[in-house]
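Open the model in your viewer and keep the sequence panel beside it. The stops below say what to select and what is found there.

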Amino acid sequence: PILRASSALILHHQAPACLRRRALPCAPRVICLDKPAMGRQALQIKAVLEGLDNLRPSGSDFRWYLKLKCGGCHEDGAKFIYITEDEKVEVPGGRGDANIVEKCKLCGRVNNLSIVEKSVKAYTAEQSEQFGSVVVFEGRGCSVVDFEPRSGWAAKGVESGTPFDDIDLTDKDWADYDEKAGNAVSIGELQWQFVNVPG
């Protein structure tokens with residue numbers, strides 16, 4: 001059974017002796033917090049950019065692949081889900097909308113996550129080899145615990161301005177050739193982290 005933290009629990013050792021003798025082993029309980037987790041998290045990336053600038057998602061339909069943790073039972077999602085800026089769904093109970101609404105399979109809590117408006121930013125050549133924020137997520141009842149970059153990124157040549165579209169970062173690195181500038185370009189040693197931010 002699912003119990004809330006505020007529920008009154010009768011422990012086995014507090015029950016009358018007659019009941020203790022007949023008691024069966026209890027099944028594991030999932031404890032849900034009455035107050036779900038809420039907050040903003042910035043996704044920061046770090047990479048070595050060679051001959052490239054303005055590494056960024058290619059558009060508002062870019063798919064951010066994430067794993068979420070339920071703020072009620074603290075269970076991590078078993079698989080990656082994706083959200084996009086241009087997809088919005090109504091939050092149950094008339095509480096506005098979000099980019100995704102998910103029901104926890106373990107405790108049943110309905111959580112939602114959104115991309116904070118105007119938070120998507122490019123990772124620049126000046127930031128190369130340093131962490132820089134590329135997007136901010138706002139979770140209601142959940143938090144983001146993992147990310148996969150996958151495909152759909154874009155960048156441009158530092159000297160030539162040559163556009164490079166549909167960059168695939170699944171393997172955490174990528175390389176090509178800038179014909180206009182006459183040199184190789186690449187992205188390597190990609191890392192990421194999540195940082196709590198005020199909001």
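Select Q41 to begin; this residue lies in strand β3, residues 38-50. Strands here are DSSP runs of E with at least two residues, helices are runs of H or I with at least four, and both are numbered from the N terminus. The model is a predicted one, in which local features need pLDDT of at least 70 and side-chain atom pairs count only at pLDDT 80 or more, while totals for chains, interfaces and linings use all residues. Residues are numbered from 1 along each chain as its sequence is written, and side-chain values use heavy atoms, with hydrogens and water left out.

Is Q41 buried or exposed? Q41 counts as buried because its relative accessibility is 11%. Buried means under 20% relative accessible area, exposed over 50% and partly exposed in between, with a 1.4 Å probe and protein chains only.

Now show the side chain of Q41 and the backbone of V144. The Q41 side chain reaches the backbone nitrogen of V144 at 2.8 Å. Setting aside residues up to four places away in sequence, Q41 touches V135, V136, F137, S143, V144, F194, V195, N196 and V197. A contact means heavy atoms within 4.5 Å.

Next, colour strands β5, β6 and β12. These 3 strands form an open sheet in the order β6-β5-β12, with antiparallel pairing. β6 (81-83) and β12 (142-148) are at the edges with a single partner strand each, so one side of each has no neighbour in the sheet. Neighbouring strands of this sheet are turned by 50 degrees against each other on average, direction ignored; the axes are lines fitted to C-alpha atoms (for helices over the stretch in contact), and angles run from 0 to 180 degrees between N-to-C directions.

Stay in this sheet and select β5, residues 64-70, which is joined to β6 by 3 bridges. Two strands pair if DSSP finds at least two bridges between them. For one facing position, pick W64, which stands opposite I83 in β6.

Move to strands β9 (residues 100-103) and β10 (residues 110-115), which run antiparallel and are joined by 4 bridges. V101 stands opposite N112 in β10. The hairpin of β9 and β10 has 6 residues between the strands, and in this hairpin G108 takes a positive phi near 85 degrees.

Keep N112 selected. At 6% relative accessibility, N112 counts as buried. Beyond its neighbours within four places in sequence, N112 is in contact with V91, A98, I100, V101, E138, G139, R140 and C142.

The next residue to select is A155, in strand β13, residues 153-157. A155 has 2% relative accessibility and therefore counts as buried. Its contacts, not counting residues up to four places away in sequence, are L52, D53, N54, L55, R56, T162, P163, F164 and I167. Add A122 to the selection: A155 and A122 are 33 residues apart in sequence and 8.7 Å apart in space, C-alpha to C-alpha.

Finally, show the whole chain, which has 1 helix and 16 strands. Of its 199 residues, 36% count as buried. Among contacts between residues at least 6 apart in sequence, 61% join residues at least 24 apart.

Colour the chain by pLDDT, the predictor's confidence in each residue from 0 to 100. The chain averages 85, and 81% of the residues score at least 70. Over residues 1-36 the pLDDT is below 50, and this stretch has 38 contacts in the model beyond near neighbours in sequence.

Key. A polar contact is a pair of N or O atoms within 3.5 Å; within protein, one must be able to donate a hydrogen and the other to accept it, and residues adjacent in sequence count only if both atoms are side-chain atoms.
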